[in-house]
Structure formats: C-alpha cells, structure tokens
Amino acid sequence: MRFVSYIARRIIGIFGVLLGVSLITFFISHALPADPAAAALSSHASNEQVAQYRRDLGLDRPVVEQYVTYLGGLLRGDFGRSIRTQRPVIDDLRAFLPATVELSLGALLVAVFLGIPLGVLSSLSRNRLPDHFVRLFSLLGGSVPIFFLGLLLISVFYNQLGWFPAGGRIDTFVTPPPHVTGLFVLDSILAGDMDALKSSLHHLILPSFTLGYYSTAVTARMTRSSMLEVLGQDYVRTARAKGLPQRIVVARHALRNALVPIITVVGILFGSLLSGAVLTETVFSWPGLGGYATTSATGVDFPAVMGVTVIAAMLFPVLSMLVDLLYTRLDPRITTS
Amino acid sequence: MKPNTFVLPSVVMAFLLGACAPAAAPTAVPAVPPTAVAPAKPTAVPNTAANTLVYARAIDDAVTMDPAVAYEFSGVVPVSNAYETLVRYEGTDYANVKPSLATKWEIKDNGDTWGLTFTLRDGAKFASGNPVTADDVVYSFQRVIKLKKSPAFLFTDIGGLKVESFSAVNEKTFGITMPKTASAQAFLAVLTFATGSVVDSKLVKANEKDGDSGTAYLQDKSAGSGPYVIESWTKNVDIRLKANAAYTGNKKPSLNSIIIKHVPENTNQLFMLEKGEADIAGNLSSEQLDSLKGKPGTTQLRADSWTLAYIGMNATVKPLDNVKVRQALRYAVDYDGIVNNLLNGKVSKVQGIIPKGLAGYNDNAPFKQDIEKAKGLLKEAGVENGFSMDMSLPSSAAPGGAQWSDIGAKLQSDFKKIGVTINLKPTLEAELLTAYRAQKLQMMGEDWGPDFADPDANGTPFGNYSAKSLAWRNGWDDKESEKLSKDAALETDPAKRVAKYKVLTEYVMNNGPFIILYQPTEGFGLRDNLKGFAFNPLRVIDFSVMSK
C-alpha cells in the first residue's frame, strides 16, 4: 500500500512539474520579440500573408487563451502542430525521441560499464599507476568538448582507420527494423534481423562513447571516492579478517554499499545525457531530439519547442523516481514511505 | 511489502546488458555492411553501385515535399526532379523559357488583361500512369493559392492571380487570365520554379484527408510526371528518389537511385566525399573546398549564385533619412577588404540591386573606400561629428562562407573612420525578420535571392515601396524609384527593358537605402567520376542529366 501511495504522490508531483514547466516555457516563448509566422514564411512573403498565417494559426488571440487551449490539448496527449511544418508535434517527437533515448542509453552503458570498473580499479590501486591513469582519463572527460571529441573520433576511426561509420543510426543500404520501440537495437532483436542489429550497434558505438565520456569520467571519480570511503569501514576490515577473497570483499561488501551515491549521480547524468545530446547528434548526423529542438528553437516554432521541453522536463522526475526505487533495493534501510 | 518495485529497473538493466554484449565486439562487424535483408525494398543496392548517387548535406530545412508548400532548398531540389513544370530553362540560358509539359504557349492582349494559353504535350503521363490534362494544371495552381503557404505569393503577388484565374479550355489546353498590373513574361519565369509543378490531381484527390488538399499525402512522396519519383523522406535522415519508369519526357535519367543524406556537420561531408561514400558534399566551407585540391578522386565546383549580401539603412531614422549620409556610408566601406580577406576572393563585387547573370545586371561599381569623400558628404549633410547607430545582423553564416559577425566587425571599423559608431546586434534570424518587417531596425544585414529568373524579382522588392518588401522595410518611400521599377517590370520589349533596368539600378545605387556588399558563389565538393553536375542559381539541381 505504501508503495502505491508513493507512486501516486510521485505521479501527482510529475503533473505539477508539467504544469509549471509548460506555463513558464509558454509565456517566455510568447514574450520573445520574434514572430513564428514570419519565420515560417521566409523573408519573401508579404506582411499580409504573414498576418493571415498568424490568424490561421490562432497566434493573434490573447496569450492566456492560447495557453488554456494548449494545456487542454496537452492533457489529452495533443502537443499541437508545428508552425514551421504543420505536422503534429507528437509525430515528430515519436520519430526523434527514440533515437535520442537509444543514444543516451548507449552513453549510459559506457558510463556504467566503463566508469564503475575504472573507479573500482582506481580505488584499489590508490596512488599507483592505474589510479593515475584513471584520474587523467577522468580529468580529460571533464574538459574535452563533445564537439571536438566527436570529430576527433570520426577523423581517427572513420577517416583514417575505417573501423566505424561517420554517422547516422544505420547504414544507408540496410533497411531499418520495423518500428516497435523505435530503438533500432531493440527492434532489430525483436525482428530477429541480424544485419540491422549489427549495423545499428556499429553506428551506436562512437556517438555513445562521445556523449558518454563526460559521464564516464564523473562516474569513475564518484566510484573512486565512494569506494575509498567504504573500503575504510569496519565491516570491510571484518570481511577481510574473516579471510574472504578480495573479489567477494570488493563486489559484495564494498561496491554494493558504495553504489547508492553512484546511482544518484548516474540517474542525474542520464537526464543530462538526454537533454545534452544536441552536439553529439549534430556531429554524428544522429536524427534525434537535439537537432529537432535546435531547428525548432531557431525558427521560434513554439509548439515544437514546448513539446521538447515538456518531454525533457518530465524525464527528470521520472528518473528520480526510478533512482529512489533502486535505492530501496540496494539498501533495505531506505523505504518508499 | 516484498517489492515488485525492482521489476522495471531490472527490465531496463536486462536490456542494457543484452545490448552491451554484442557491442563489446565491434570488430565482428564487416567493414562493408551487407545488402539489406528485405528484398522488397528497392533501396537495397550495394554501396558502390554506379547507378546510385549519394548527396550529403544538411536537410533539416526541409518542411515538406509538397510542391505547393515547399520553398526551402531541401524541399525544392527533390520536387523539381519529381515534377514537371509547363515551361523550363535549359542549360544556363535563363533569358528564354523552353517547352516542358507545354509544347507551345502564347500571350494575348485582351484589353484590360493578359491571356496566357498553354498547349500540353501529347502523351504526357504521370508516374501513376494517369494522363496529364489541363484539369491537373488548374488543380495544381489553384492548390498553391488555396493553401496560402510560403510560395503562394509567387502566384498571388507576382502574378496577381486568384483561384478563378485558371481555366481548362479543353483536355490539352490550359489558360490563365492575368491582370495588366503583372508582367506575363516575369510569370513565365515563375512557372519554371518548383511551385509551378503540375500534380496528378486524380491521385492527390483520392488521398485527401479532412479537406487537407492532399498535403499530408504529398508530404513525403510525389505525384508528378518528372524523371524521378520521391520514394521516401525520413526526417533528418534522408530523402530518396528513384527513376520514374513511366517518364514520358526527354530527360531520361541515367542514375536510378538518388539519396540526399542528412549530414549536418560539414567536416563529415568532407570525410565522406574523400572516402567515396558521398558523391556530392553540399555545405563545404571555402577552406574545405580548397583542401580538396589534389585529393585523389575528388573535385570541386563553384557555381553562380544570384544571392546578394546587403546592408539596409532605415530611411525613416535620422540621419539615415538624408541621402548624403547614406551615400557617405557607401563610400566608407572597404568592399575589396570584405571580398578578399573575409571571403577569400571567392565572391564578386557587385553594387547594383540586380545580380550578375540576370538580364538588367548593371556592372557599374562606383563605390570604393574613400574616407575623405565620405567625410565631405557627412559634412554636407550637417553631421560631420558623426553619429551612432545600431546594426542588427543574423547570428549565422553570411552567404559565401563568412560569418555575419565578422562582416559586422569589419563594417564597424570602416565606419569608425568617418566618425560613425556602430553598435553590433547579433540577432536570431526569426527575431531580425520580425523587427525588419515592422520597419523597426536602424541598420541591418541580410541576403536576398531572386525567386525567379527575371530582374523584376529584385527590381520590385528593392525599388518599389508600395510592394511592402525591402524598400518598405527600410522605410524608403521614393516615388521615382517606384515608377522606374514598375515601368521596367511591365516593359515588353527586351532591349528597352534592359535599358530601363539600367536606369533603375543606377538610381537605387545612389539614392536607395542599401549597401550591396557582394554576390557569393555556391561551392560543391564532388567525386571526379560524377558527370553532368550543375547547380543553377535558382537552386535547382537536375539529377536526370548526371551519370557516373
């Protein structure tokens, strides 16, 4: 019961966030001194044509009235139509969101499966060579710009070595798997399409590493300090005194207890990966939400910008809920009440 | 409370782990991906196929593939390959329209209107197999006007046309009644553009949904009679065309499959071109084009563009209302410095409002930096102590490859020499346009390209205040210029017309609210086995004449 009420409270909270974010974004975007109708019709159209388009889109109505209409639609799952393309925004979100989610999951995998082992390695070899190496790697991760890293990787691994493709989600001459989740890797598995699976994994690696490098660095640093703290605890000493092998001590006693702060960080990182994928998407021609958001923002296409903002804003409370649920698994002292 | 709370996270983790395992072995993936598994998809051709063209460029400007709505480069290029227009240009002759869907046409003087009659080509068929009839033309042109989208002004404002202006005289004869306030010659030029495409009315009507005139249907496919059909458009991924098997015209394509691939980062375009994975790279910078010199398998091409980069001066703002001040500013600019240093000399110095390549181009370029003369003019205008002015510039690249911010900084230092202080205001394009349309800018920078191959496409916007375009946005209400631009547009004798445009361009050059900075070129990186590539300044790339 407590769990159900916990979920209910969190969902109500998510709606609160939705209301707040949509309200703020809506009024800020309408306060901009830029006319989306003028942007959509190019500089060659006449003023009459622009005015007519504004009327057709309902942009001449009071902002409050426009907001109420928008919010009403939103509650029914209707994100409105893009001013620039006249397509329903929800269609565009459906097309672009899975690509960004797939890329972010790829980056998260890199962060978790590279960052945590590196952090553990670093903590176990404190102030020795592997530790120095990992700390240098982490330092670079925090300071190398994504754009530079992406182009560097493409230059080396595509242009020089030819090991990886330059960009896109799948080879131009491989048919994408039928749309189920929109995640090419998962959809290829579901369809049993090995060629599509190979090609989409092949395309996912460089961008995942590019986007995930920063998170990997943060995760490694976090793991290192968290592990160092736990390794100094009495129960670890006890475990070692009992003669347990290092492997068991590290994996079962130390790492598990070190994981709570790490998961907090990874949860936050995942949210920032989703919203921070813009540059990676540009460098790797990745057809995701980032590119869509940029095109929409420069064209002051309010409904499209709102759609992206609302989705991004909802991800954070959802993620934090998942992280909280994970805590309860890792540490029985934490409950959902 | 034994938690089932772990179900969702563990599903996620299971997925992550599942996806991770094969990811660990990237070397297992063959360097050359195999052909597609689904033989039903006609796009499944090998990478190296001689009959396939891959054109890498940014295509996120595309809004639709519907000819009545598309106005952006990435929409216009596929449309102009998938549809036929009544008349078209051939090669680089933009002075004379040639037959396409119409084999002949005549313009009759009906007293207070022009009567245009077009005879359609016998045997012309759409890709669907339906014959092309005058009813299709009426439907297509009415659709442009009814939909009221970006290119509609070409019909309503340039042509002065309404829904009832079009008629099907018989199955193969199509008529337009045009008011005398519009130029029939100029409208023939409009008809060569993608907006003049003839759509398969039977097919489109059958696919109309909720009275949308088929816009949803035509968004990512074609219903035309051109040498290609638009097979698919996956947003921010690619646009695919294939040869139209039922094509009845005389431009039989040699390349079967065209893939316009979205590659927003031009460094990637360059790499793909060098490795032979792209045949055309569309957004290379001047430096990148130069870097291709000597690279095996590649070549480069700089094509003419009719775009003009200009600075507007709002003539309602003091002291810009004084023609001498505007002239002084024109004499303060170091044009050669901009052309040679900021744009590597790869653009032309043009100072008239009609670009090189169009009839009526005026090659007179009287302005070069002359600080003494400029100061003298300011003195005559009574502002010898200078003044300060805002200059709004797009926060993006200027045509030809320089940044507007760099051009702005150069102008700022040039104007400083005559005591004029410029406050640079980098502005989002959409915001700039909104203020410009409301006459609210002081000085600004933009570019302008003609919509059709006729000097009127620039003469009216730059010269005629009543047209509420560029002259209006800069608050330049000049009756003489208005009269000259109208006269020149409506002149039917070609030689007299050129002479009239000479007078107009000369007048605007010295009196108008514009500083024309330069005319850029459009650069392309190409594979050297690609033949027949040409970019026409009306932004058309004809795939049917290319081969490998």
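Which side chains meet in a salt bridge at 2.6 Å, N to O? In this predicted model, the two are Arg10(A) and Asp324(A). The legends below start with the domains of chain A and go on to the contact between the chains and to local details.

**Figure 1. Chain A is built from helices and is divided into two domains.** The chain has 14 helices and zero strands, so no β element appears in the order of its elements from the N terminus on, which is α throughout. Domain 1 covers residues 2-75 of chain A, and domain 2 covers residues 89-330. The C-alpha centres of domain 1 and domain 2 of chain A are 31 Å apart. Along its principal axes, the C-alpha trace of chain A spans about 85 × 55 × 40 Å.

**Figure 2. Domain 1 of chain A packs against domain 2 of chain A, with 20 residues of domain 1 in contact with 16 residues of domain 2.** Between them the two domains of chain A bury about 1,600 Å², and 83% of this area is on carbon and sulfur atoms. On the domain 1 side, the residues that lose the most area to domain 2 of chain A are Arg10(A), Ile14(A) and Tyr70(A). Together these three account for 30% of what that side buries.

**Figure 3. One salt bridge is found across the interface of domain 1 and domain 2 of chain A.** The side chains of Arg10(A) and Asp324(A) meet in a salt bridge, with an N to O distance of 2.6 Å. Arg10(A) is also among the residues of domain 1 that lose the most area to domain 2 of chain A. Across the interface of these two domains there are two residue pairs in polar contact, both at pLDDT 80 or more. Helix 1 (2-31), helix 2 (36-40) and helix 4 (63-75) of chain A each supply at least two residues of the side of domain 1 that touches domain 2 of chain A. Helix 1 of chain A gives the most to that side of domain 1, with 13 residues. By class, the side of domain 1 of chain A that touches domain 2 of chain A has 14 nonpolar, four polar and two charged residues.

**Figure 4. Chain A and chain B meet in a contact that takes 70 residues from chain A and 71 residues from chain B.** The area buried between chain A and chain B is about 6,200 Å², and carbon and sulfur atoms give 63% of it. In chain A, His44(A), Tyr158(A) and Phe173(A) lose the most area to chain B. Together these three make up 13% of what the chain A side buries.

**Figure 5. Two salt bridges are counted between chain A and chain B.** One salt bridge joins Lys468(B) to Glu48(A), and the closest N and O atoms of this pair are 4.0 Å apart. The count of residue pairs in polar contact between chain A and chain B is 19, both residues being at pLDDT 80 or more. Helix 3 (residues 47-57) of chain A provides the largest share of the side of chain A that touches chain B, seven residues. That side of chain A divides into 37 nonpolar, 21 polar and 12 charged residues.

**Figure 6. Asp91(A) and Arg94(A) form a salt bridge within helix 5 of chain A.** The closest N and O atoms of Asp91(A) and Arg94(A) are 3.6 Å apart. Both residues lie in helix 5 (residues 89-124) of chain A, three residues apart, about one turn of the helix. Over all chains, the count comes to 35 salt bridges.

**Figure 7. Strand 2 and strand 3 of chain B form a hairpin with two residues between them.** Strand 2 (residues 87-90) and strand 3 (residues 93-99) of chain B pair in the antiparallel sense over three bridges. Arg88(B) has Lys98(B), in strand 3 of chain B, as its bridge partner. In the turn, Gly91(B) has a positive phi of about 60°.

**Figure 8. Two loops carry backbone details, at Pro319(B) and Ser285(A).** The peptide bond from Lys318(B) to Pro319(B) is cis, with omega near 0°. Pro319(B) is placed in the loop between strand 13 (308-313) and helix 10 (323-332) of chain B. Ser285(A) is not a glycine, yet has a positive phi of about 45°. Ser285(A) is placed in the loop between helix 12 (278-283) and helix 13 (289-298) of chain A.

Key
Residues are numbered from 1 along each chain as its sequence is written. Chains are lettered from A and ligands numbered from 1 in the order in which they are written. Side-chain values use heavy atoms; hydrogens and water are left out. Domain bounds come from an automatic or database domain assignment. Contact means heavy atoms within 4.5 Å. Buried area is the accessible area (1.4 Å probe) that two parts lose on being put together, summed over both. A polar contact is a pair of N or O atoms within 3.5 Å; within protein, one must be able to donate a hydrogen and the other to accept it, and residues adjacent in sequence count only if both atoms are side-chain atoms. Helices (H or I, at least four residues) and strands (E, at least two) are DSSP runs, numbered from the N terminus. Ala, Val, Leu, Ile, Met, Phe, Trp, Tyr, Cys and Pro count as nonpolar, Asp, Glu, Lys and Arg as charged, and the others, Gly among them, as polar. Two strands pair if DSSP finds at least two bridges between them.
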